[in-house]
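This report describes parts of one protein model for a reader who has not seen it before. Please look at the sequence and the structure first.

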Amino acid sequence: MDATIGRLSDAKNRWADLPIDDKIRHLDGLKDAIVKVARPWVEAAVKAKGLSMSSPVAGEEWTSGPFSVLWYLKDLRATLVRLATGVPVLDGYATRTLPSGLVAVDVFPKNFDEGLLFSGITAEVWMQEGSTIETIEESAAAFYRSHADDRKGNLQVVLGAGNISSIPVLDVIYALFVEGKTAILKLNPVNDYLGSFFESVFAEMIDDGYVGFVYGDADVGAYLTEHELVDSIHITGSSSSYNAIVFGRGADGEANRLSDAPVNTKPLSAELGGVTPVIVTPGQWSKRDLRFQAEHVVSQKLHNSGFNCVAAQVLVLPRAWDQKGAFLDEVRAVMREADDRPAYYPGAKERCERAVAASGVVEAFGDEGSRFLVTHVDPNGASHAWFGHEIFAPMLAVTELPGADPASFLMNAVAFANDRLNGTLGANIIVDPKTERAYAAAVERAIADLDYGTVTVNAWSGAAYFLGRCAWGARPGHARTDIQSGTGVVHNALMFDRPLKSIVRGPFAEAPRTFTKGEFHLGPKMVYFVTNRKAHVVGEKLIAYCDEPSKAKLASIALSAMRG
């Protein structure tokens, strides 16, 4: 470890001063290397999670693994090319001033291919207070706009996530190309079987002294974060891991946290997950609507067997909605029909048992109860098991809130999410088009008032993870003594200096019924839906498209998707 850290520390100033054209060359090398190892990478992840390459579930590994990285590299490269050629980073991106005075930038889609691949999904990034349309461009890409004499090298340790395979790679790429840092990655023991593939991806940058790999447990992570040559830290994990780094472990660490006496004061960014709400706005839905949205909600829960930082955890329903029972019946049906996914992440069984013991009405589905629905959770009760921390398991809770109409319900739901639920990473609103038109002001107010880093309408907040131009992270402003979902952002391919939240909008109904709005889907089923029977086929074809885009490959992807 000392030798690796020493090499990276020695190279940090050289990397910071490396011309942008050379950085672009490294990006291109990363792309080629990822395409080469994409299949064995996915095969290893599928095997480790107890899945099958011939199962649609394998599609999750294609899309949340190598595809996520390749799609991000495309966006990041475009930004670097603009910086290298003197073209404004935000040239061609529409900006507007919101009624609140905040500035929003329309970031997705920007061309025909994106619109087709993501079926019309739209995304924008809102800036923090104080940003103006005039200052966004000059504040973007701050590292590259700084004077060369003022740039200082920085060695960052990245403590990788163990659930989604693209996270460690994306975090290292962000440190390298957005922040100008060298990076040492410690893989999580849960997925360190991917280390050989990742090392091959970064082989050239390892040889040049810009990237390093370390393996081991929490003690290794502690050694790295405390090392005198390490300048900064990034972690994807839990608030307990964050607190252990910043304040120390055990009783002494907790005492330090309570008195705000950190033992590690190095700059630290963190993505820590949280309790993700899905807020269902009352309306008049058809049978197909009920089924489609049930598939959507269950997919937000069961994707990757629930081991996602923005997995749906609390389904917030209108107490007086006359279709509430019918909707829950459809949710149960989808839970029952979904493919079994092994609960591969350590501690899942124990977390499920604790949550079940603390709950009222619990319904189990799948082989030996591999997934759970918990209804009648009191929104005003002491439901710490559901509201106070992330479950990180295939369990979905249902609670109900009052509201005489959609506007009053949304107001209650926003207050509940902001005040009762731990974390601020992502929140989701479901609303049918007719209700959204009739209560447009209430829907827009809910989007603005939800204190989350990503807010989606008729989409899963996980969709923002795939869209590299979105800023991915918690709502800014958490105190280190109550870190919630973390601090700082990643992805952010347009290199915004002060992003506040990402807003993603999707379709209420599946194609071909809805063409005006879209989400991360191609045809009738979104690719992340657990009911998409062609997700594994589409996922592999997306890799080939990212390697060498063509209209023929687009058509092939669309054809496979329409059969999903």
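## Two sides of helix H15

In this predicted model, Lys349, Arg354 and Ala357 of H15 are exposed (over 50% relative accessible area, 1.4 Å probe, protein chains only). On the other side of H15 (residues 348–357), Ala348, Arg351, Cys352 and Ala355 are buried, that is, under 20% relative accessible area. Viewed down the axis of H15, the buried residues fall within an arc of 100°, so they line one face of the helix. The arc is taken from the directions from the helix axis to the C-beta atoms.

The cover over these buried residues includes strand E12 (371–375), helix H16 (384–387) and strand E13 (395–401), with contact meaning heavy atoms within 4.5 Å. Helices (H or I, at least four residues) and strands (E, at least two) are DSSP runs, numbered from the N terminus.

## The sheet

An open sheet with mixed pairing is formed by 11 strands, in the order E1-E2-E3-E19-E15-E14-E9-E10-E13-E12-E11. Two strands pair if DSSP finds at least two bridges between them. E1 (95–97) and E11 (361–365) stand at the edges with a single partner strand each, so one side of each has no neighbour in the sheet.

E12 and E13 pair in the parallel sense over three bridges. Leu373 has Leu396 in E13 as its bridge partner.

## Basis of the values

Residues are numbered from 1 along each chain as its sequence is written, and side-chain values use heavy atoms, leaving out hydrogens and water. Local features need pLDDT of at least 70 and side-chain atom pairs count only at pLDDT 80 or more, while totals for chains, interfaces and linings use all residues.
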